[in-house]
Amino acid sequence: MKKIVTIVALLLALTNLFAQNYTQDDQVYDYIDQYKDLAMKEMELYKVPASITLAQAIYASKIGTNRIAKEANNHFGIMCHTKEWTGDTFYETDNHSSDYCFRKYASVEESYRDHSLFISQRSRYVKLFYFPITDYKSWANGLKEAGYSGNPRYADTLISLIEKYYLMHYDRKVAMKLGDTAALQEMNVPKPDRIVNVETPAQTQPAVQPKAEPKAEPKTEPVKPVEETKLPKTESPAKEESVAKEDKTVEAAKLQVEQTNDKQETIEKNVQVKPEKIAGVNYFVVDPYNVPFKSAYFPYSPRPVYENNKTKFIIAKSGDTYKKLASILQIPEKNLRSYNDIYDDSEPIEGEVVYVEMKATKSPIEYHTLQSGDTYRYVAQKYGVQLKIIIKRNSGSFNSYSVGDRICIGCK
């Protein structure tokens with residue numbers, strides 16, 4: 001009789017164990033089914049892979065079951081960061097220790113949106129947005145390297161969740177909607193037994209066909225993008241092609257600099273940007289059809305983005321206001337005005353450079369020769385250097401200088 005009881009108890013224990021494992025998987029699939037559309041929407045807006053978002057949420061919130069998720073709608077464990085967070089707070093312990101202060105949201109949707117902003121607006125995560133939005137492994141490792149979590153196996157944990165629950169196909173679905181041909185590459189990951197409302201590769205194949213031809217573009221013969229940005233446009237097409245075939249970008253760029261005795265004049269000649277003068281004041285404008293700056297990536301800009309002195313900018317169109325651009329770029333208007341040293345009600349003019357991040361503090365250009373209509377702000381915009389830095393490096397008011405004088409930009 002005792003043996004029978006022991007066997008029954010063992011069977012019950014094993015049954016409970018299998019039931020628990022099944023229930024946990026079932027909870028994960030239920031969570032995915034509930035929030036996959038939200039994750040894909042955030043991916044479409046902010047370019048953070050839906051697979052990464054879902055995996056982070058599943059891990060951080062324990063499938064939406066921990067206290068922070070239940071009582072604060074915080075599914076990503078984002079802490080207060082009191083210097084920037086002004087919303088409601090939640091304390092994991094009862095003693096209100098600042099070490100355990102988490103952001104509290106009115107809804108899970110707010111938590112997902114704040115997660116998108118948290119990733120996309122911090123400089124330490126910017127390199128993630130250079131990875132393809134379907135490259136979940138690079139994103140997972142990049143998050144770990146950027147210090148998102150102190151767990152030494154954080155990247156492996158995210159990758160394991162993504163592959164176990166086949167989350168990468170939500171990335172594929174959004175990438176196809178966005179027309180990202182890189183997302184059409186095959187994903188060599190074993191298909192699981194259960195997928196929550198995901199289109200299989202066979203189902204999505206018809207939509208792939210119209211996008212097949214662009215894959216052949218990289219095999220054509222034009223000059224490489226990096227080489228185009230570094231070679232002056234004053235060279236003849238024949239010489240540009242000759243230099244490109246040598247595949248020695250650094251040496252070619254150095255040769256061009258050595259052809260002149262004045263580095264400042266060479267750079268300005270290659271830039272070929274002329275100021276727009278309004279009421280006697282110069283504005284830094286660029287012809288959108290002939291932009292002499294290299295292209296750049298900004299996670300949520302619907303307009304082309306370029307880079308000047310390692311600072312990203314867009315080109316204003318007719319009728320643009322800082323409020324309108326702030327809305328498009330998902331940047332507070334006051335921040336956008338600050339980036340461009342606007343402290344009144346002025347608005348950008350057509351063709352004007354509008355920086356979408358804080359300008360640099362250094363510049364490879366040492367001096368600027370003043371022209372009629374130049375102002376400190378114009379100089380700051382032209383060289384992508386913060387206005388306060390320009391003012392600090394040059395004594396006296398701008399009126400104390402005359403046309404032909406040189407002011408310090410990056411001199412020491």
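## Disulfides and the second largest pocket

Cys 408 and Cys 411 form a disulfide in which the sulfur atoms lie 1.7 Å apart, and this link belongs to a predicted model. The torsion about the S-S bond of Cys 408 and Cys 411 is about -125°, so the disulfide is left-handed. Cys 408 is buried, as is Cys 411.

A disulfide also joins Cys 80 to Cys 101, with 1.9 Å between their sulfur atoms; this link is left-handed too, at -75° about the S-S bond. Because Cys 80 sits in the loop between helix 3 (67-72) and strand 1 (89-91), while Cys 101 belongs to strand 2 (residues 101-103), the pair ties together parts that are 21 residues apart in sequence. Both cysteines, Cys 80 and Cys 101, are buried.

| Disulfide | Sulfur-sulfur distance | Torsion about the S-S bond |
|---|---|---|
| Cys 80 and Cys 101 | 1.9 Å | -75° |
| Cys 408 and Cys 411 | 1.7 Å | about -125° |

The count comes to two disulfides where sulfur atoms within 2.5 Å are taken as a pair, and with bonded cysteines counted along the chain the pattern is 1-2, 3-4.

The second largest pocket holds about 690 Å³ of space. It is lined by 25 residues, of which Leu 117, Gln 121, Arg 122, Asn 335 and Tyr 339 are the closest to its centre. Helix 4 (108-120) and helix 14 (333-339) are the elements that give two or more residues to this lining, and helix 4 gives the most, with four residues. By character, the lining of the second largest pocket divides into twelve nonpolar, six polar and seven charged residues.

Technical notes:
Residues are numbered from 1 along each chain as its sequence is written. This is a predicted model: local features need pLDDT of at least 70, side-chain atom pairs count only at pLDDT 80 or more; totals for chains, interfaces and linings use all residues. Side-chain values use heavy atoms; hydrogens and water are left out. On a 1 Å grid over the protein atoms alone, a cavity is a set of points where a 1.4 Å probe fits but cannot get out, and a pocket is an open set with protein on both sides within 12 Å along at least five of seven lines; lining residues have an atom within 4 Å of a point. Grid points are joined across faces, edges and corners, and a volume is the space filled by probe spheres set on the points. Ala, Val, Leu, Ile, Met, Phe, Trp, Tyr, Cys and Pro count as nonpolar, Asp, Glu, Lys and Arg as charged, and the others, Gly among them, as polar. Buried means under 20% relative accessible area, exposed over 50%, partly exposed in between (1.4 Å probe, protein chains only).
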